[in-house]
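Trainee: Could you take one part of this model and walk me through it closely?

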Amino acid sequence: MSLPDHFDRPVHIAVIGGTGLAKIEGYTPVALLNPLTPWGHPSSPLTIALHNNIPIAFLARHGTHHQLAPHEVPSRANIAALRSIGVRTIIAFSAVGSLREEIKPMDFVIPDQIIDRTKGIRPFTFFEGGVVGHVGFADPFDAGLAKVVQNCAAAMKGDGVVLHQGGTIICMEGPAFSTRAESNMYRSWGGSVINMSALPEAKLAREAELAYQMICMATDYDCWHTTEDVDVAMVLKYMDANSKNAKNLVGAVLDELCKLENSDMVLAKHWEGSAQGAVKFMTKPEGRNPEAMKRVEYLFPGFWEN
């Protein structure tokens, strides 16, 4: 059955992850949206699903069939498309390699920091080409959302499965995995886990004034450990084994976010104006490119009117 390509209510919460996360028990798909942004279409159509009559958007980061390599993910289009339908809170999900003995495969991590090891291949800002903005990124994730996730740890089932609070993601370029020397270097830097997805996604969410928190699921020990080195088969094995826990955790987080007392956090009131102020007063009016101004206007309707 085909779904409508429109939805007439704002959607405030989104989940970015694999296609499987859109199939959480109790969520009924009601629309499939594919907004065209100034940065193109998102990496997959946005599945809008209702749960207790509250709409949630689900986006497959690497495409509906996982056809996009990490450096090919159109992160600007993804974030802009979500914001355009009303999204102000993003729960992002990612498989990661563990850089710490205590973070075992199948454990979950709620990171609070990132080290950028991408190579500048991925477009990473909305503010360029004639409109400049320098947005603060000292704390890349949202502390309020992290607390909600932590409080939902009881939703996970299974002996020994742990939800680790805090930690540093190393975001590498990929798509190949690390060398052993790199893996050990990242450990010496204090890295907790490693993936290829956190950036520029988290940075663009901050530029778009969205509350953003990533939930990481460890699938391997990268290649620093004395156990076998990471490969795709290992990652897929653990992802499949723990997909129920991932869905349980995400489902519990969404239930919590949908409560009335969390509405201000979900609407990201605490981020309102943080990026706009950084942009509005940086590039002088005579230096602003009209096309760049239109792109900013897409993100923030009415931006240039005040």
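**A close look at helix α6**

Mentor: Sure, let's take α6, where Asn245, Ala246, Leu249, Val250, Gly251, Ala252, Val253, Leu254 and Leu257 are buried (buried means under 20% relative accessible area with a 1.4 Å probe, protein chains only). Before going on: this is a predicted model, where local features need pLDDT of at least 70 and side-chain atom pairs count only at pLDDT 80 or more, while totals for chains, interfaces and linings use all residues. Residues are numbered from 1 along each chain as its sequence is written, and side-chain values use heavy atoms, with hydrogens and water left out.

Helix α6 covers residues 243-257, 15 residues in total (helices are DSSP runs of H or I, at least four residues, numbered from the N terminus). From first C-alpha to last, α6 reaches 21 Å, close to the 21 Å expected at 1.5 Å a residue (the expected span is 1.5 Å times one less than the number of residues).

Now its partner: helix α2 (residues 143-151) packs against α6 at an angle of about 120 degrees, with the axes 9 Å apart (axes are lines fitted to C-alpha atoms over the stretch in contact, and angles run from 0 to 180 degrees between N-to-C directions). That makes α2 oblique to α6, because angles under 35 degrees count as roughly parallel, over 145 as roughly antiparallel, 65 to 115 as roughly perpendicular and the rest as oblique.

On the α2 side, Leu145, Val148 and Val149 meet Leu249, Val253, Glu256 and Leu257 of α6 (contact means heavy atoms within 4.5 Å). Of those buried α6 residues, Leu249, Val253 and Leu257 turn up again here.

Key: Helices (H or I, at least four residues) and strands (E, at least two) are DSSP runs, numbered from the N terminus. Buried means under 20% relative accessible area, exposed over 50%, partly exposed in between (1.4 Å probe, protein chains only).
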